[in-house]
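Visitor: Pick one part of this model and take me through it closely, please. Then link that part to the rest of the fold.

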Amino acid sequence: MTAELLISSKSSGKVWEISRSTQRITYTTNRTGSPGTLKFTLIKSGDLSFFEGDPVRFSIDGQLIFYGWVFTKSKDRWGVIDVTCYDRLRYLKASASYAFYGQTAGGIIAQIAGDLQLDTGTLADTGCALPSYIQREKTCLDIIEGAVQQTLLNTGKIFVFFDDGAGLALREAADMIQSVVIGEKSLLTDYTYKTDIDEQTYNSVKLVRPNESTGRADVFIAQDSGTIAQWGLLRLYQTVDGDANDAQVRAQAEASLAYYNRRMRTLKASSLGVPGLRAGQMILLNIPGLGDIDLNRYVLLEKVTHTFENDTHTMDFETLIP
């Protein structure tokens with residue numbers, strides 16, 4: 001394994017390769033909610049000098065793992081520097097208000113990226129134009145991820161929004177299957193398996209649509225009496241756009257119920273590292289006798305953290321098991 005960690009100084013134009021000076025490198029991606037994050041600890045040597053906003057590039061065996069910018073750094077009395085870098089999604093923390101009509105998630109991403117002067121990579125055509133999507137005073141990241149979630153509820157397809165190194169990208173998870181097997185006798189070193197109905201489980205969906213003509217709200221409910229009898233009433237309450245018609249709102253309620261009306265199975269695992277693996281990709285997990293199931297299926301990675309230390313590459317990841 002050959003690592004390359006480059007820092008480019010915008011002020012001087014110099015580029016430093018610092019992988020031999022680093023004590024530890026971690027790279028973390030989440031499927032939703034946060035930018036890709038690279039953290040490293042190094043001992044300053046020579047004429048190394050860099051500042052916030054300078055670009056950082058990290059590769060393994062010539063494969064690009066991370067491209068981003070320095071956002072924080074701290075130094076102790078012994079000259080040890082801790083550095084945190086983020087990819088382009090960090091710039092989407094900017095707050096804004098938008099009104100989109102008949103736009104796909106890809107179109108929404110492209111427009112916001114243009115407004116914030118951010119490059120775009122591959123933007124998949126979801127085939128789902130949102131009739132109206134109005135968001136006020138939210139972060140651009142929340143606006144985009146809301147559009148991706150609406151696309152899931154309307155199509156049943158999971159799309160992943162991330163920085164692919166070239167720019168902001170949107171791809172269907174089914175197109176991001178990786179040819180790696182992790183499990184018994186294959187890379188896996190430890191795991192914790194949890195089942196619950198506590199955090200993201202709902203068996204009743206109540207959607208409320210403002211109605212300007214009546215001055216009252218129209219209510220649409222989809223629920224499952226079977227799981228309500230078993231678990232009790234677990235209700236999800238949401239307000240939808242006033243421009244959506246009855247059929248669209250009912251379809252959204254049924255799609256939300258189909259998505260949330262299940263017991264959650266969460267697996268947190270540790271393994272030997274696989275370069276390039278990131279949240280949003282799918283891998284084959286093979287863990288027989290997991291508990292209530294014998295796991296041998298493709299799963300979607302929710303969070304992945306790579307650690308490079310002492311010439312060793314390890315990995316921690318989380319996934320929700322369908």
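**A lysine and its surroundings**

Guide: Lys10 counts as exposed because its relative accessibility is 59% (exposed means over 50% relative accessible area, buried under 20%, and partly exposed in between, with a 1.4 Å probe and protein chains only). Before we go on, keep in mind that this is a predicted model, where local features need pLDDT of at least 70 and side-chain atom pairs count only at pLDDT 80 or more, while totals for chains, interfaces and linings use all residues. Residues are numbered from 1 along each chain as its sequence is written, and side-chain values use heavy atoms, with hydrogens and water left out.

Back to the lysine. Lys10 sits in the loop that links strand E1 (3-8) to strand E2 (15-17); helices (H or I, at least four residues) and strands (E, at least two) are DSSP runs, numbered from the N terminus. Skip its neighbours within four places in sequence, and Lys10 is in contact with Gly53, Asp54, Pro55 and Trp69 (contact means heavy atoms within 4.5 Å). With Gly53 there is a polar touch too: the Lys10 side chain reaches the backbone oxygen of Gly53 at 3.0 Å. A polar contact here is a pair of N or O atoms within 3.5 Å; within protein, one must be able to donate a hydrogen and the other to accept it, and residues adjacent in sequence count only if both atoms are side-chain atoms. As for Gln63, 53 residues away in sequence, its C-alpha is 24 Å from that of Lys10.

Trp69, one of the residues that Lys10 touches, leads us to the aromatics. A search of the whole structure turns up 10 aromatic pairs (rings of Phe, Tyr and Trp, its six-membered ring, pair if their centres lie within 6.5 Å; planes under 30 degrees apart are stacked, over 60 edge-to-face, and the rest tilted). Take Tyr27 and Phe66: their ring centres are 5.7 Å apart and their planes at 65°, so this pair is edge-to-face. Tyr27 belongs to strand E3 (residues 22-30) and Phe66 to strand E6 (residues 63-75), so the pair ties together parts 39 residues apart in sequence. Tyr27 and Phe66 are both buried.

Now for Trp69 itself. Its ring and that of Tyr91 have centres 5.8 Å apart and planes at 80°, so this pair is edge-to-face. Trp69 is in strand E6, while Tyr91 is in the loop between strand E7 (80-86) and strand E8 (95-103), so the pair ties together parts 22 residues apart in sequence. Trp69 counts as buried, at 14% relative accessibility, whereas Tyr91, at 35%, counts as partly exposed. Both rings belong to one aromatic cluster made up of Tyr67, Trp69, Phe71, Tyr86 and Tyr91.

There are charges over rings, too. Lys73 lies over the face of Phe50, 4.6 Å from the ring centre, and the charged end of Arg77 sits over the ring of Trp78 at 4.5 Å from its centre (the rule: NZ of Lys or CZ of Arg within 6 Å of the ring centre and within 35 degrees of the ring normal).

What about the helical side of things? Helix H2 (residues 140-155) has 16 residues that should span 22 Å, and its end C-alpha atoms are 23 Å apart, which agrees; the expected span is 1.5 Å times one less than the number of residues. Among its buried residues are Cys140, Leu141, Ile143 and Ile144. The buried residues of H2 pack against E8, helix H1 (105-115), strand E10 (130-139), strand E11 (159-163), strand E12 (168-172) and helix H4 (246-260). Just past H2, Gly156 has a positive phi of about 75°.

For another loop, try Gly280, between strand E18 (264-272) and strand E19 (282-287). Gly280 counts as buried, at 0% relative accessibility. Beyond its neighbours within four places in sequence, the contacts of Gly280 include Arg31, Val160 and Leu300.

Stepping back, the protein has 4 helices and 21 strands. Of its 322 residues, 46% count as buried. Among contacts between residues at least 6 apart in sequence, 64% join residues at least 24 apart. Its C-alpha atoms fill a box of roughly 70 × 50 × 35 Å, taken along the principal axes.
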